[in-house]
Amino acid sequence: MQEPIRVLHVFGGLSLGGAESRVMDLYRHIDREKLQFDFLVHSAKEEHFDREIKELGGRIYRVPRFKFYNWLKYKKALKRFFYEHPEFRAVHGHMTSTASIYLPIAKKSGIPITIAHARSAGVPAGAKGVLTKWLRRSLKNKTDYCLACSKEAGEAVFGKECMRQGKVEVIPNAIAVPKYDYSPEMRQQMRQKLCVEDKLVIGHVGSFRAPKNHTFLIEIFGEIHRRRVDAVLLLLGEGELQEKIKEQVEKEGLTESVRFLGNRSPVSDYYQAMDFLVFPSLFEGLPGTVIEAQTAGLRCLISDTISGEVNITELVKTYSLGLPAAEWAEYVLANCEYERKSQVNEVSAAGFDILEQIKRYERIYGI
């Protein structure tokens with residue numbers, strides 16, 4: 001039997017992040033007899049998706065995390081890796097901060113196809129962000145394909161001129177649409193499980209990192225809770241700022257009403273329990289969370305810094321981060337009563353169905 005074509009995906013790690021989740025959705029739905037995914041990560045520890053990847057037939061490889069001062073060591077590790085593993089049809093880099101280093105090495109080692117995929121429209125604050133921008137400055141010239149999850153992400157990573165010239169292909173983050181369909185039965189079951197049957201349930205799904213703006217989210221929820229003492233906030237995700245946010249919750253006297261649920265699977269069940277998604281990110285690429293929530297028929301209040309490409313139903317409302325938390329809270333409270341219904345057809349028609357996206361990736365991979 002002919003061996004499947006192997007594609008290597010490059011990430012920082014395999015936690016339950018947005019880009020990682022979207023690639024795993026693809027992985028679960030591809031024909032693995034003709035196409036297999038492997039992963040190169042910059043993390044020594046086992047993370048959320050490691051076990052599932054191995055169960056699906058994927059391989060996980062590790063290289064040192066790039067820290068600038070270890071530039072030569074980093075390049076040496078990559079050269080050795082690609083010398084020892086020439087079997088890949090393509091290298092698909094979702095970690096664009098160092099893609100201008102590892103993609104040329106892969107190409108020189110004989111990998112036929114290299115891909116840089118812009119997943120975010122911003123960079124971290126401080127020196128790390130400056131370094132990231134500097135490393136990306138020539139990325140568009142060092143890869144065979146420039147992909148982006150949104151127009152904003154493409155402009156941020158590859159530049160507006162590159163986008164204007166049509167050198168970047170925008171492929172929206174797709175989801176397994178039927179999986180997120182609204183289910184009254186599952187809603188009742190999950191609200192009973194979480195003991196929130198008689199509560200106003202506000203939700204957020206995302207890692208505890210600066211771009212997700214959890215600090216402002218807690219301020220918004222605090223204003224909601226002052227008006228509705230029955231309100232609870234479900235926080236799904238983990239990350240480096242989690243302890244800091246817990247301290248903020250305790251300081252504001254919200255400990256009994258804010259639930260840190262960690263990484264949960266399947267996350268689709270938790271959308272059913274929510275009444276409103278509040279998503280005040282500082283910047284995003286194209287957040288799959290907002291697509292998933294809409295598919296589940298859930299109203300969403302999001303920041304206007306997020307790409308308008310996620311506004312695919314009337315369930316989404318955008319607010320400026322310059323508005324006070326009280327105004328965000330007022331919108332939620334004024335719109336939390338509504339008839340919830342399936343949005344599967346709308347989401348599929350907008351191009352977010354994963355089965356259609358698989359065809360686009362297969363074309364890029366040369367299958």
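This report covers a helix pair, a covered helix, a pocket and some backbone features in a predicted model.

## Helix α1 against helix α15

Two packed helices are described by the angle between their axes and the distance between the axes. Here the pair is α1, residues 18-29, and α15, residues 354-365. The angle is about 90° and the axes lie 10 Å apart. That makes α1 roughly perpendicular to α15, because angles of 65 to 115 degrees count as roughly perpendicular.

From α1, the contact takes in Asp25, Leu26 and His29. They meet Ile354, Leu355, Ile358 and Tyr361 of α15. By class, the residues of this contact are 5 nonpolar, 1 polar and 1 charged.

## Helix α4 and its cover

Helix α4 spans residues 99-108 and is mostly covered. Of its 10 residues, 7 are buried. These are Ala99, Ser100, Ile101, Tyr102, Leu103, Ile105 and Ala106.

Both strands and helices supply the cover. The strands include β1 (5-11), β4 (90-93) and β5 (113-118). The helices include α3 (71-84) and α5 (127-136). Just after α4 comes glycine 110, with a positive phi of about 105°.

## The second largest pocket

Helix α4 also helps to line a pocket. This is the second largest pocket, with a volume of about 240 Å³. Its lining has 14 residues. Lys75, Ser100, Ile101, Pro104 and Ile105 lie nearest the centre.

Three elements give two or more residues to the lining: α3, α4 and α5. The most comes from α4, with 5 residues. The lining divides into 6 nonpolar, 3 polar and 5 charged residues. Ser100, Ile101 and Ile105 appear both among the buried residues of α4 and among those nearest the pocket centre.

## Backbone features in loops

One peptide bond is cis: serine 265 to proline 266, with omega near 0°. Proline 266 sits in the loop between β10 (258-262) and α11 (268-273).

Two residues other than glycine have positive phi values. Cysteine 195 has phi near 55°. Its place is the loop that links α8 (184-193) and β8 (200-205). Asparagine 213 has phi near 60°. This asparagine is in the loop between β8 and α9 (214-227). Asparagine 213 has a relative accessible area of 14%, so it counts as buried, the cut-off being under 20%.

Notes. Residues numbered from 1 in each chain as written. Predicted model: local features only at pLDDT ≥ 70, side-chain atom pairs only at ≥ 80, totals over all residues. Heavy atoms only, no water. Axes fitted to C-alpha atoms, helices over the stretch in contact; angles between N-to-C directions. Helix = DSSP H or I, 4+ residues; strand = E, 2+ residues; numbered from the N terminus. Parallel < 35°, antiparallel > 145°, perpendicular 65-115°, else oblique. Contact = heavy atoms within 4.5 Å. Nonpolar A, V, L, I, M, F, W, Y, C, P; charged D, E, K, R; others polar. Buried < 20%, exposed > 50% of the residue type's maximum accessible area, 1.4 Å probe, protein only. 1 Å grid on protein atoms, 1.4 Å probe; cavity = no way out; pocket = protein on both sides within 12 Å on 5 of 7 lines; lining within 4 Å. Points joined across faces, edges and corners; volume = space filled by probe spheres on them.
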